[in-house]
Amino acid sequence: MSTKTIGIVGARGHTGAELIRLIARHPSLTLAFVSSRELEGQRLAEHNDVYRGELRYVNLDPAGVAGQGVDVVILALPNGKAAPYVEAIDKAGGDTVIVDLSADYRFDERWYYGLPELYRDRWRGEKRVSNPGCYATAIQCSIAPIKDLLAAPPVSFGVSGYSGAGTTPSDRNDPDKLRDNLMPYSLTGHMHEKEASRHLGLPVEFMPHVAPHFRGLTVTTNLYLAKPHRREDIVQRFQSRFDREKLIHVVDEAPWVSRIAHKHHLEVGGFALSADGRRVVVVATLDNLLKGAATQAMQNVNRSLGFDELTAIPL
């Protein structure tokens, strides 16, 4: 297995740190650069407890990133910041794979939407991969196995830890303001509502909230069925869809956020059925920094480079 080179733009954030940990475990990836304006010049090993080496943070502009000539570039930037880097890499030519963690290309048909467990059949060996949103991943996995049974748009209630709000200070990542609190935001038109609706091919209604815990999210989805069903039929649908997926676990009880933190898989369960059999409630949980971001990015990197999809991902 030949060694490939990889670089990260936006390496200071929570997801960048998790990506570095995964890359450090990978037998066939070498971390070539980590770009961060704030940490320029500092040793990576001083900021990440698993990295060993002398690599230092650099502050690369788009042309500088393109000039590195690496096999993979991961863009871990805020929404709206990816395009100059993509344009520079495109202009440089070559076969560099780009995995973008922002929402910038999740609606672009020219990019592969990288939620492997649901959209493997769409994979055509693309070199441009848009990594799904954390909430959007959980929402879609709680709906996709039974979307053909629905009588109305699904309604998802989401609660995330404050790491999902990033590192730029705001009310939604301020521990003091979140203490003993649950903070609703973007109750209509959230980006992940649009994203899940687009890729499922049906309208989804989503209401996100931030809680005082740091990592992990839960999505509770209410689904009305066109005709009555038995609980075992619903469960069987999910088991059949995800039976071979190592990073999606179908569980009987509604999963808890505290049990998914620091884990690389998603759990989906609950399957509470109304007395008339026409309404089911499904709960999905994941670690928003891992299966909701870095772990999923590593799946996409592995697939793009021809490695086993789960290389370097602890099961």
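What follows is a conversation about helix packing, buried residues and a few backbone details in a predicted model.

Reader: I'm new to this one, so which residues in the largest nonpolar core touch the most other members?

Author: The model is a predicted one, and its largest nonpolar core has 73 residues, of which Leu-31 and Val-301 touch the most other members. Helix α5 gives the most to this core, with 7 residues.

Reader: And what does Leu-31 touch?

Author: If residues up to four places away in sequence are not counted, Leu-31 touches Ile-6, Ile-8, Ile-20, Ile-23, Leu-44, Tyr-51 and Leu-55. Another core, of 17 residues, lies apart from the largest one, and among its members are Val-9, Phe-33, Val-65 and Val-70.

Reader: Why would nonpolar side chains be buried together?

Author: As a general tendency, that is how nonpolar side chains are arranged in soluble globular proteins.

Reader: Back to α5, then: how many of its residues are buried?

Author: In α5, 10 of the 10 residues are buried, so this helix is largely enclosed by the rest of the structure. The buried residues include polar ones by name, such as Thr-137, Gln-140 and Ser-142, along with Cys-134, Tyr-135 and Ile-143.

Reader: How does α5 pack with α7, and at what angle?

Author: Helix α5, which covers residues 134-143, packs with helix α7, residues 191-200, at an angle of about 40 degrees, and their axes are 9 Å apart. The two helices are therefore oblique to each other, and the crossing of α5 and α7 is right-handed.

Reader: Which residues meet there?

Author: From α5, the residues are Cys-134, Tyr-135, Ala-136, Ile-139, Gln-140 and Ile-143, and they meet His-192, Glu-195, Ala-196, His-199 and Leu-200 in α7. Sorted by class, this contact has 7 nonpolar, 3 polar and 1 charged residues.

Reader: Is α7 mostly covered or mostly open, and what covers its buried residues?

Author: Helix α7 is mostly covered, with 7 of its 10 residues buried. Those buried residues are His-192, Glu-193, Glu-195, Ala-196, Ser-197, His-199 and Leu-200, and what covers them includes β5 (112-113), α4 (116-119), α5 and β9 (205-210).

Reader: What follows α7?

Author: Helix α7 is followed by Gly-201, whose phi is positive, near 75 degrees.

Reader: Which residues other than glycine have a positive phi?

Author: Asp-180 is one of them, with a positive phi of about 55 degrees although it is not a glycine. Ser-186 is another such residue, with its phi near 40 degrees. As background, most residues other than glycine have a negative phi.

Reader: Where do those two sit, and are they buried or exposed?

Author: Asp-180 is found in the loop between α6 (175-178) and β8 (183-184), and with a relative accessible area of 77% it is exposed. Ser-186 lies in the loop between β8 and α7, where its relative accessibility of 40% makes it count as partly exposed.

Reader: Changing topic, how do α1 and α9 pack?

Author: Helix α1, residues 14-25, packs with α9 at an angle of about 40 degrees, and the axes of this pair are 9 Å apart. They are therefore oblique to each other, and their crossing is right-handed.

Reader: Which residues meet in that pair?

Author: Thr-15, Glu-18, Leu-19, Leu-22 and Ile-23 in α1 meet Leu-290, Ala-293, Ala-294, Thr-295, Ala-297 and Met-298 in α9. By class, this contact of α1 with α9 has 8 nonpolar, 2 polar and 1 charged residues.

Reader: Ser-304 is in α9 too, so is it buried or exposed, and what does it touch?

Author: Ser-304 lies in helix α9, which covers residues 290-305, and because its relative accessibility is 12%, it counts as buried. Leaving out residues up to four places away in sequence, Ser-304 touches Val-97, Trp-123, Glu-126, Lys-127 and Val-129. The C-alpha atoms of Ser-304 and Glu-18 are separated by 19 Å, and the two residues are 286 residues apart along the chain.

Reader: One last residue: where is Thr-218, and what is it in contact with?

Author: Thr-218 lies in strand β10, residues 217-224, and it is buried, with a relative accessible area of 16%. Apart from neighbours within four places in sequence, Thr-218 is in contact with Tyr-135, Phe-157, Gly-158, Val-159, Val-257, Val-283, Ala-284 and Thr-285.

Definitions and conventions: Residues numbered from 1 in each chain as written. Predicted model: local features only at pLDDT ≥ 70, side-chain atom pairs only at ≥ 80, totals over all residues. Heavy atoms only, no water. Axes fitted to C-alpha atoms, helices over the stretch in contact; angles between N-to-C directions. Helix = DSSP H or I, 4+ residues; strand = E, 2+ residues; numbered from the N terminus. Parallel < 35°, antiparallel > 145°, perpendicular 65-115°, else oblique. Left-handed = near helix turned anticlockwise from the far one by under 90°. Contact = heavy atoms within 4.5 Å. Core = buried A, V, L, I, M, F, W, Y, C linked by side-chain atoms within 4.5 Å. Buried < 20%, exposed > 50% of the residue type's maximum accessible area, 1.4 Å probe, protein only.
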